[in-house]
Every structure is written in C-alpha cells, then in structure tokens.
Amino acid sequence: MINDLLRWRQEATKEDWSHLAQLAKTSVGYLDQIAYGYRRASPQMAESIEKGTKFFKRIKSVSKEKLVFAELKTKAA
C-alpha cells in the first residue's frame with residue numbers, strides 16, 4: 001500500500017525532497033522512514049510536512065491525517 005508521502009516523493013525531484021525536509025525541519029532520512037512506512041509522523045511533524053508540501057504547486061500536497069494514521073510495515077515473524 002502506498003502512503004500519501006511516498007506518492008509525493010515519487011512525483012518529486014531529489015531537490016524537492018531535500019527542500020521539503022528543510023521546510024519540515026527534519027532530515028531526508030526521517031522523511032524516508034515515514035514515506036516507506038517504518039515510522040509514523042507525530043501530529044506536529046505531520047502538520048509541518050503538510051505545510052511544506054503546499055509550497056510545491058505542481059505536486060498535490062500531503063494530508064496530515066494520512067500521515068498520522070498511516071499503516072506501518074509489519075515485521076516478518
């Protein structure tokens with residue numbers, strides 16, 4: 001299942017992704033963890049990411065609710 005941030009990442013350039021990390025006041029690595037389902041964003045981080053994605057007019061912005069309640073990857077038993 002693709003989450004909203006991963007969809008955004010796939011539509012963005014490497015520079016866009018790096019700029020989003022700066023706008024959200026986090027690292028590219030942490031954004032990757034959220035996008036690939038290894039971490040769930042806190043409400044504050046989700047709001048920062050949503051606001052940051054709105055800066056990029058050519059890519060549909062990310063919904064903070066979809067980040068806070070995103071499914072995480074499960075570990076194999």
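1. Let's start with helix 4, which spans residues 43-53. Its buried residues are M45, A46, I49, E50, G52 and T53. Looking down the axis of helix 4, you will find these buried residues within an arc of 165°, so they line one face of the helix. A general point helps here: an α-helix has 3.6 residues a turn, so residues three or four places apart point the same way. P43, Q44 and K51 sit on the other side of helix 4 and are exposed.

2. A word on confidence before going further. Please keep in mind that this is a predicted model. The protein chain has an average pLDDT of 92, and 95% of the residues score at least 70. Among the elements of the chain, helix 2 has the highest mean pLDDT, at 98, while helix 5 has the lowest, at 88.

3. What does the buried side of helix 4 pack against? The partners of its buried residues are helix 1 (4-11), helix 2 (14-23), helix 3 (28-35) and helix 5 (64-68). I49, one of those buried residues, is a nice one to click on: leaving out residues up to four places away in sequence, I49 touches L5, L20, A24, L31, I34 and L67.

4. That leads to the core. The largest nonpolar core has 20 residues, and L5, W8, I49 and L67 have the most contacts inside it. Helix 1, helix 2, helix 3, helix 4 and helix 5 each supply at least two residues of this core. As general background, nonpolar side chains in soluble globular proteins tend to be buried together.

5. Now the aromatic rings. The count comes to 3 aromatic pairs. For W8 and W17, the ring centres are 6.2 Å apart and the planes meet at 35°; an angle from 30 to 60 degrees is neither stacked nor edge-to-face, so this pair is tilted. Both W8 and W17 are buried. W8 also forms an aromatic pair with F56, this one edge-to-face, with 5.1 Å from centre to centre and 75° between the planes. The W8 and F56 pair links distant parts of the chain: W8 belongs to helix 1, F56 to the loop between helix 4 and helix 5, and 48 residues separate them. F56 is buried, as is W8. Taken together, ring pairs join W8, W17, F55 and F56 into a cluster.

6. N3 deserves a look too. Where is N3 placed? N3 lies in the segment before helix 1. Is N3 buried or exposed? N3 has 13% relative accessibility, and the cut-off for buried is under 20%, so N3 counts as buried. A polar atom of the N3 side chain lies 2.9 Å from the backbone nitrogen of L5, and the side chain of N3 also reaches the backbone oxygen of I34, at 3.1 Å. Setting aside its neighbours within four places in sequence, N3 is in contact with I34, A35 and G37.

7. Last, V68 in helix 5. V68 and R40 are 28 residues apart in sequence, yet their C-alpha atoms are 6.0 Å apart in space. Which residues does V68 touch, not counting those up to four places away in sequence? They are R40, A41, S42, P43 and A46. Two of these tie back to the opening point: P43 is exposed on helix 4, whereas A46 is among the buried residues of helix 4. When you inspect this region, remember that helix 5 has the lowest mean pLDDT among the elements of the chain.

Terms used. Residues numbered from 1 in each chain as written. Predicted model: local features only at pLDDT ≥ 70, side-chain atom pairs only at ≥ 80, totals over all residues. Heavy atoms only, no water. Buried < 20%, exposed > 50% of the residue type's maximum accessible area, 1.4 Å probe, protein only. Helix = DSSP H or I, 4+ residues; strand = E, 2+ residues; numbered from the N terminus. Arc of directions from axis to C-beta. Contact = heavy atoms within 4.5 Å. Polar contact = N/O pair within 3.5 Å; in protein donor to acceptor, adjacent residues only side chain to side chain. pLDDT = per-residue confidence, 0-100. Phe/Tyr/Trp six-rings, centres within 6.5 Å; stacked < 30°, edge-to-face > 60°. Core = buried A, V, L, I, M, F, W, Y, C linked by side-chain atoms within 4.5 Å.
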